[in-house]
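Welcome, and do keep the viewer open while you read. The report below walks through a single model, region by region.

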Amino acid sequence: MTASTDLTVRQQRIVDALRPFFGAEADALYEAHDRSLMKLTYFARQSGLPNFHRLATGLALAQELLAEELTQRSVFHSPQAVTDFLKLHFAGQPHESFALMYLDAQNGLIAFEELFRGTLTQTSVYPREVMRRCLHHEASGLLISHNHPSGSVEPSPADELLTKTLAKALAMIDVRVLDHIIVAGGRSLSFAQRGLL
């Protein structure tokens, strides 16, 4: 298949970047996923096919590159790396999921885990399990994150209540909730920057 003539310059760059993974099928795969790199990324992560596995491996390496930067110094020196890391993690997910970045006393990244996975519109989060995982990682701080597949980064009242509940519960074990970041596609919202913490 030849390159589609109605692609934007950016879309053509994406197809060109996909060619080493998919060869002549890059155009068709991009079209089949509604010209959405996020949808294609999610599909690649779920597929066991070799070409998709190679793309997923490349994405995992990009995420690890960002994580390496976050482990070497305070995450607050690299807020863009944090949001880029989270956007890569949540890319194309059709369901909500809840993930945690466990931080040391200097706010460096200790570990990252997706702890809960839900439906299109909600995820059940259990504070007791969050506390248990913080103790397991010997975390001093925590960055909470989840995605909104709906595309809106605006926090719901339930998001705000959960953040306050977790902050209060974790304070009892000397773990500070430093931020809650919502990711929706290529956009993100920080509770700390919005003054919601």
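What follows is a short tour of strands, helices, salt bridges and loops in this predicted model.

## The enclosed strand β3

A good place to begin is strand β3, which spans residues 141–147. Seven of its seven residues are buried, so the strand is largely enclosed by the rest of the structure. Both of its faces are covered. On one side sit G141, L143, S145 and N147, on the other L142, I144 and H146, and all of these are buried.

What are the neighbours of β3 in the sheet? Strand β1 (residues 97–103) runs antiparallel to β3 and is joined to it by six bridges. If you want a landmark for this pairing, look for Y102, which stands opposite L142 of β3. Strand β4 (residues 176–184) pairs with β3 in the parallel sense, over seven bridges. Here L143 has D179 of β4 as its bridge partner. Together with helix α7 (residues 157–171), β3 and β4 form a right-handed β-α-β unit.

## Helix packing around α4

Helix α4 covers residues 50–72, and its axis comes within 9 Å of the axis of helix α1 (residues 9–22). The two axes cross at roughly 125°, which makes α1 oblique to α4. On the α1 side the contact is made by L18, F21 and F22, and on the α4 side by N51, F52, R54 and L55.

Helix α3 packs on α4 as well, with the axes 8 Å apart and an angle of about 110° between them. The pair is therefore roughly perpendicular. From α3, residues L40, T41, F43, A44 and R45 meet F52, L55, A56, L59 and Q63 of α4. T41 belongs to helix α3 (residues 37–46) and has a relative accessibility of 6%, so T41 counts as buried. Leaving out residues up to four places away in sequence, T41 touches L59 and A91.

## Salt bridges

How many salt bridges does the structure hold? There are nine. In one of them, the side chains of R19 and D27 meet with an N to O distance of 2.7 Å. The two partners are not equally accessible: R19 is partly exposed at 27% relative accessibility, whereas D27 is buried at 3%.

Another salt bridge joins R133 to E113, with the closest N and O atoms 2.4 Å apart. This pair links distant parts of the chain, since R133 lies in helix α6 (residues 127–137) and E113 in strand β2 (residues 109–117), 20 residues apart. Both ends are enclosed: R133 counts as buried at 14% relative accessibility, and E113 counts as buried at 16%. E114 has a salt bridge of its own, with R117, where the closest N and O atoms are 2.9 Å apart. E114 is partly exposed, its relative accessible area being 27%. Elsewhere, D6, E31 and R35 are joined into one network by salt bridges that share partners.

## Loops and backbone angles

R35 deserves another look, this time for its backbone. Where does R35 lie? R35 is found in the loop between α2 (26–32) and α3. R35 is partly exposed, at 21% relative accessible area. Most residues other than glycine have a negative phi. R35, although not a glycine, has a positive phi of about 55°.

D174 also has a positive phi, of about 60°, and is not a glycine. D174 sits in the loop between α7 and β4. Is D174 buried or exposed? With a relative accessible area of 67%, D174 is exposed.

The loop between β3 and α7 holds S150. At 63% relative accessibility, S150 counts as exposed. The C-alpha atom of S150 is separated by 8.7 Å from that of P94, although the two residues are 56 residues apart along the chain.

Methods:
Residues numbered from 1 in each chain as written. Predicted model: local features only at pLDDT ≥ 70, side-chain atom pairs only at ≥ 80, totals over all residues. Heavy atoms only, no water. Salt bridge = Lys/Arg side-chain N within 4 Å of Asp/Glu carboxyl O. Buried < 20%, exposed > 50% of the residue type's maximum accessible area, 1.4 Å probe, protein only. Helix = DSSP H or I, 4+ residues; strand = E, 2+ residues; numbered from the N terminus. Pairing = 2+ DSSP bridges. Right-handed = clockwise from strand over helix to strand, strands pointing away. Axes fitted to C-alpha atoms, helices over the stretch in contact; angles between N-to-C directions. Parallel < 35°, antiparallel > 145°, perpendicular 65-115°, else oblique. Contact = heavy atoms within 4.5 Å.
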